[in-house]
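Visitor: I would like a close look at one part of this structure, the nonpolar core. Please take me through what surrounds it as well.

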Amino acid sequence: MGIDTTRDTTHRMDLLRFATAGSVDDGKSTLIGRLLLDSKAIFEDQLEAVEATSTAKGYDYTDLALLTDGLRSEREQGITIDVAYRYFATPNRKFIIADTPGHVQYTRNMVTGASTADLGLVLVDARQGLTEQSRRHAVILSLLRVPHLVLAVNKMDLVDYDQKVYDDIYREFTQFATKLNVPDLEVIPISALSGDNVVNRSENMPWYSGPTLMHHLEHVHVASDRDLIDARFPVQYVIRPKSDEYHDYRGYAGQVAGGVLKPGDEVVVLPSGMTSKISKIDLFDEDIAEAFPPMSVTIHLEDDVDVSRGDMIARVRNAPTPTQDIDAMICWMTTAPLLPRQKLAIKHTTRTGRALVKDIQYRLDVNTLHRDQETKELGVNEIGRVTLRTTVPLLVDPYSKNRTTGSFILIDEATGITVGAGMING
Amino acid sequence: MTQTRTDYRLSQLDQLEAESIHIFREVAAEFEKPVLMFSGGKDSIVMLRLAEKAFFPAKIPFSILQVDTGLDFPEVMETRDRWVSRLGVNLVVASIDDAIKNGIIPDAAKISRNRLQIPTLLNAIEENGFTAAFGGGRRDEEKARAKERVYSHRDEFGQWDPKMQRPELWSLYNGRLHEGEHMRIFPISNWTELDVWDYIGRENIEIPNIYFSHQRRVFERDGMLMTETPLNPLRDGEVVTERTVRYRTCGDITLTGCVESTASTIAEIIDEVAVAKKTERGATRGDDRFSEAAMEDRKKEGYF
């Protein structure tokens, strides 16, 4: 039993990034431990170390959380503080897990993990049903536009694999999810401890006909989640070798953020508005026919227009409008509150500038989705709608259209710390 | 020119490569004086290859820094020299022997050279004014590394504070520094050991030949096979035999063990790695065996 570990070395393997969420004692570590164990991503020496520590601590079981809680202070307190990234693979897909903490005071770490995720995995304890935590996590995953959501109803073994328990949670959650933006939802009854519906189909729940968790993770279609229509190329670095061999070489290096770019395409360089045509696209020493997200390539233009880091190349009739007025949802990540008139540094794609907080429109209660318009500040781990005025024009899209051109970070200029995560409305 | 795609999907290895190249370019664009830390092992060589690709056809726009422990495998140094000359990059060597001679670090014969790498490295970073140092660390190596950001902030003492890490969102990396601070950058954070081997095979990358199966005179110590060398005198009861072995990591010759293996091609190594029951570090690195938090503690002090 378990997963076939025959490796695909033909390099056609696919990648899925997922973020886990859930309350403290809902069995998240056990589930991750099982996914890693069953896919052979845990090695003997790691397991032996965990077993030895468990014995030394006087436990009569192997504490799989010790595998995942990598920091001394986490092991001391027995809680997960920071996001940890873990890896496992099946023959068809490689998985990157952003293992995020459940505690409310670490919402910022959940936002961090969810920002790059294709799929969010929320665990609930079948005995407890939906809690404030599970709702909050679903809200955050939906705000961050994580396109696929899985609600894993765990500990089914403790409710006698009762279908009614699952049905009630299913109904309650789908009702709640109508208020959110969840394009794809799967609800799976599991027992992480005994392995029901995790990798192998459970014989204890014949009433459930959906996929196992692993089957779903392996087959959920993520390629179509990218925007392949609106061409967006933030210029990251200008390559000018100035060598004898490449005397006139002038290439604009960057990672494609949206759309498909081809030689011959008429393009506009923003914010200058100069137009030209793509003459050539390089991928290292290879001349390629087209570039699409998330490829890192080098683009050449026919004309010698002025292009530098921070500029964006887009299609002539489909380009973002440069703007200095930003309306965004902000997750605030530091103890000193976000206040109106505050000045911060802002980084959006490859462009950096300064931003002035013009107005805090409302604070979102992530438990009830209530919009509190009285509050005029955002505290740590709070999310709200904010308007900003920036010193440089930003080349933005709504976050709902493009997670790369629709996102930004705010930096405290005195400490240099990242204090806010922004998602542009539109 | 290659054919037009129809499915617009990148393989996971291509996605990892694209992400790593993005990180290399971001650092080169935003930091005043980056440097690439190079140990000569497979991860650092993959890093060199990625850096080469990121700036092609221009040269890699930063130097390479190697901490010479005096205990490195000669085969590894030969490979290093071939790479440096092929890429035409500037190599900075920070030698532990020199650091001891110049009184920068104490000559404490009892302290392992592995630990002496830390002050030697930090001194080289300070002396050369490097503001960012690329490292080939991977999060799959060790549970403390699983917590590491791609941009890992270090204070003026080179220390890592896991509790004060900056949140890292999307691919928007924050490279702000104060005077004297620097950033450690890990472009291959999301790669696994198997990805590295797949990539070495795909790109046909030259690596030190000690990774491939060969005959070697070895002795057993602490359950590991150590190479016979005057740098690592035999202790009572240790017997040298000739075996067919290869290395899974390239570290300090006195602390790095080899494994018995007949894998002599990348494909055979991949097959072996895919079914390995132990991690590369657990199997062959004496330096990680000190305590439950050996890696975390060294990283806090400034190790990479």
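Guide: Start with the core. This is a predicted model. The largest nonpolar core has 80 residues, and the ones that touch the most other members are A:Phe18, A:Leu31, A:Leu121 and A:Leu144. Helix α7 of chain A, residues 163-177, gives the largest share of this core, with six residues.

Now pick out A:Leu31. Setting aside residues up to four places away in sequence, A:Leu31 touches A:Leu121, A:Leu123, A:Ile190, A:Ala192, A:Val198 and A:Leu213. Another core lies apart from this one. That core has 64 residues, including B:Ile23, B:Val46, B:Met183 and B:Ile200.

Next, look at A:Leu144 again. A:Leu144 is one of the residues in contact with A:Arg403. Find A:Arg403 in the loop between β19 (383-395) and β20 (407-411) of chain A. A:Arg403 is buried, yet it has no salt bridge. The nearest side chain of opposite charge belongs to A:Asp118, 5.2 Å away. A salt bridge needs the nitrogen and oxygen within 4 Å, so that pair does not qualify. A polar atom of the A:Arg403 side chain does lie 2.9 Å from the backbone oxygen of A:Ala117. Beyond its neighbours within four places in sequence, A:Arg403 also contacts residues including A:Ser115, A:Arg145, A:Pro147 and B:Trp170.

Stay with the loop between β19 and β20, where A:Lys401 also sits. The side chain of A:Lys401 meets that of A:Asp230 in a salt bridge, at 3.9 Å from N to O. A:Asp230 lies in the loop between α8 (213-219) and β7 (232-234), so this pair ties together parts that are 171 residues apart in sequence. A:Asp230 counts as buried because its relative accessibility is 12%. A:Lys401 has 43%, so it counts as partly exposed.

Compare another pair in chain A. The side chains of A:Lys280 and A:Asp282 form a salt bridge at 2.8 Å, N to O. A:Lys280 is partly exposed, at 30% relative accessibility. A:Asp282 is buried, at 5%.

Finally, turn to chain B. Its 304 residues are 63% buried. Chain B has nine helices and ten strands. One salt bridge there joins B:Asp81 to B:Arg80, with the closest N and O atoms 3.0 Å apart. B:Asp81 is partly exposed at 40% relative accessibility, while B:Arg80 is buried at 12%. Elsewhere, salt bridges with shared partners link B:Asp14, B:Glu17, B:Arg49, B:Glu52, B:Lys53, B:Arg86, B:Arg202 and B:Glu203 into one network. Over all chains, the structure holds 52 salt bridges.

Methods. Residues are numbered from 1 along each chain as its sequence is written. Chains are lettered from A and ligands numbered from 1 in the order in which they are written. This is a predicted model: local features need pLDDT of at least 70, side-chain atom pairs count only at pLDDT 80 or more; totals for chains, interfaces and linings use all residues. Side-chain values use heavy atoms; hydrogens and water are left out. A nonpolar core is a set of buried Ala, Val, Leu, Ile, Met, Phe, Trp, Tyr and Cys residues joined through side-chain atoms within 4.5 Å. Buried means under 20% relative accessible area, exposed over 50%, partly exposed in between (1.4 Å probe, protein chains only). Helices (H or I, at least four residues) and strands (E, at least two) are DSSP runs, numbered from the N terminus. Contact means heavy atoms within 4.5 Å. Lys and Arg count as positive and Asp and Glu as negative; His and the chain ends are not counted. A polar contact is a pair of N or O atoms within 3.5 Å; within protein, one must be able to donate a hydrogen and the other to accept it, and residues adjacent in sequence count only if both atoms are side-chain atoms.
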